[in-house]
Amino acid sequence: MLVSTPIGNLQDLSARARESLAGADAILCEDTRTSAVLLRAHGIARKCIALHEHNETAALPGLIAAMRRGQRFALISDAGTPLVSDPGYRLVRAAIAAGLTVSGVPGPNAAVLALTLSGLPPQPFLFNGFPPPKPGPRRAGLAGLRRAETAGLRATHVFYEAPHRLAAFLADALAALGPRPAAVCRELTKRFEEIRRAPLDELARHYAAHPPRGEIVVVIGPAEEEKPDEGGLDAALGAALERGLSVKDAAAAVAAATGLPRKEVYRRALGLATAEDLTDITGPSPSPGG
């Protein structure tokens with residue numbers, strides 16, 4: 001049973017989550033010390049077994065064997081919904097492969113709460129988890145998102161980030177994505193909860209001067225609809241059509257090369273081809289003095 005736990009306020013544990021934890025034979029948790037605080041607050045006395053990224057693979061055979069014998073486990077993370085940037089995915093996959101029942105108790109999730117509080121379009125959204133901690137891979141990942149947007153992706157982006165890397169992440173996001181609307185959501189559901197909504201450039205300046213503390217979710221608005229460079233697009237399509245490609249094949253080739261939406265490129269190619277056909281029939285337009 002995957003059981004969602006509070007992301008800050010301990011009172012956010014649901015009644016069904018309490019029942020599931022209290023009824024389990026053992027509770028698999030990311031950090032037994034962190035989970036002990038929650039369990040004590042709700043009077044739940046159950047054996048806790050550490051399950052984290054360093055021991056999950058090694059623990060799988062024993063856990064699957066125990067479940068086959070009828071033992072019931074509850075899986076929790078330090079906070080929020082299990083598996084979302086937390087351990088447990090390999091265990092769930094192994095349990096499914098073994099034909100065991102996997103169920104869940106829905107509940108708190110920092111990414112979804114931040115999305116709804118950000119004031120940015122809630123759907124579609126793309127959850128990216130934690131970006132790479134090193135600058136090179138982080139910038140490459142953001143550049144990949146930008147390329148996807150150039151190809152037509154229109155989604156609000158949600159990231160988790162560590163407080164000591166927030167300023168660097170915002171600066172890299174600004175460089176890759178531009179000064180679009182965003183929100184930094186800090187310490188959600190806790191005493192010092194803060195939602196700061198502003199363009200990326202303003203947020204980058206603020207957190208460079210004021211290093212934050214606590215758990216952080218960054219929400220970045222979707223890219224605006226981009227108008228293609230018609231002159232460059234027409235030239236590329238004209239060259240493809242002159243090579244003898246069909247309108248469909250020319251549009252596909254140019255769309256792949258430019259990253260522009262194929263339907264948009266096809267409409268433009270169709271217009272060019274139609275214009276050329278009319279010119280062949282009527283001849284060139286007369287000059288102003290002709």
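This is a short tour of a predicted model, going from its pockets to its strands, rings, backbone and salt bridges.

Residues are numbered from 1 along each chain as its sequence is written, and side-chain values use heavy atoms, with hydrogens and water left out. Because the model is predicted, local features need pLDDT of at least 70 and side-chain atom pairs count only at pLDDT 80 or more, while totals for chains, interfaces and linings use all residues.

**Stop 1: the largest pocket**

Select Ile7, Asp78, Ala79, Gly80 and Glu215, the residues that lie nearest the centre of the largest pocket. A pocket here is an open set of points on a 1 Å grid over the protein atoms alone, where a 1.4 Å probe fits, with protein on both sides within 12 Å along at least five of seven lines. Its volume, the space filled by probe spheres set on the points, is about 660 Å³.

Now widen the selection to the lining, meaning residues with an atom within 4 Å of a point. The largest pocket has 31 of them: 15 nonpolar, nine polar and seven charged. For these classes, Ala, Val, Leu, Ile, Met, Phe, Trp, Tyr, Cys and Pro count as nonpolar, Asp, Glu, Lys and Arg as charged, and the others, Gly among them, as polar.

Colour helix 2 (32–41), strand 7 (156–161) and strand 10 (216–220), each of which supplies at least two lining residues. Helix 2 gives the most, with four. Helices (H or I, at least four residues) and strands (E, at least two) are DSSP runs, numbered from the N terminus.

**Stop 2: the second largest pocket**

Next, pick Met1, Arg72, Phe73, Ala74 and Thr101; of the 20 residues that line the second largest pocket, these are the closest to its centre. This pocket holds about 390 Å³ of space. Its lining divides into 13 nonpolar, five polar and two charged residues. Helix 1 (15–23), strand 4 (73–76) and helix 4 (89–97) each supply at least two of them.

**Stop 3: strand 4**

Stay with strand 4 and show its side chains. Phe73 and Leu75 point one way, Ala74 and Ile76 the other way, and all are buried. Buried means under 20% relative accessible area, exposed over 50%, and partly exposed in between (1.4 Å probe, protein chains only). Add strand 2 (residues 26–29), which runs parallel to strand 4 and is joined to it by four bridges; two strands pair if DSSP finds at least two bridges between them. Which residue of strand 4 is the bridge partner of Ala26? Look for Phe73.

**Stop 4: aromatic rings**

The structure holds three aromatic pairs. Phe130 and Tyr160 form an edge-to-face one, 5.6 Å centre to centre with 65° between the planes. Rings of Phe, Tyr and Trp (its six-membered ring) pair if their centres lie within 6.5 Å; planes under 30 degrees apart count as stacked, over 60 as edge-to-face and the rest as tilted. Phe130 sits in the loop between strand 6 (125–127) and helix 6 (135–150), and Tyr160 in strand 7, 30 residues apart. Phe130 is partly exposed at 42%, whereas Tyr160 is buried at 10%. Add Phe127 to see one aromatic cluster of Phe127, Phe130 and Tyr160.

**Stop 5: backbone details**

Most residues other than glycine have a negative phi, and most peptide bonds are trans. Zoom to the bond from Gln123 to Pro124, which is cis with omega near -5°. Pro124 lies in the loop between helix 5 (110–117) and strand 6.

Then visit Ser85, with a positive phi of about 65°, in the loop between strand 4 and helix 4. Thr189 has a phi near 70° and is found in the loop between strand 8 (181–186) and strand 9 (194–199).

**Stop 6: salt bridges**

A salt bridge is a side-chain nitrogen of Lys or Arg within 4 Å of a carboxyl oxygen of Asp or Glu, and the count comes to 12. Start at Glu149, which is buried at 0% relative accessibility. Its salt bridge with Arg146 has its closest N and O atoms 3.1 Å apart, and both residues lie in helix 6. Arg180 also forms a salt bridge with Glu149, at 2.8 Å, and Arg180 is buried too.

Finish with Asp234 and Arg268, whose closest N and O atoms are 2.6 Å apart. Asp234 lies in helix 9 (residues 230–242) and Arg268 in helix 11 (residues 262–282), so the pair ties together parts that are 34 residues apart in sequence.
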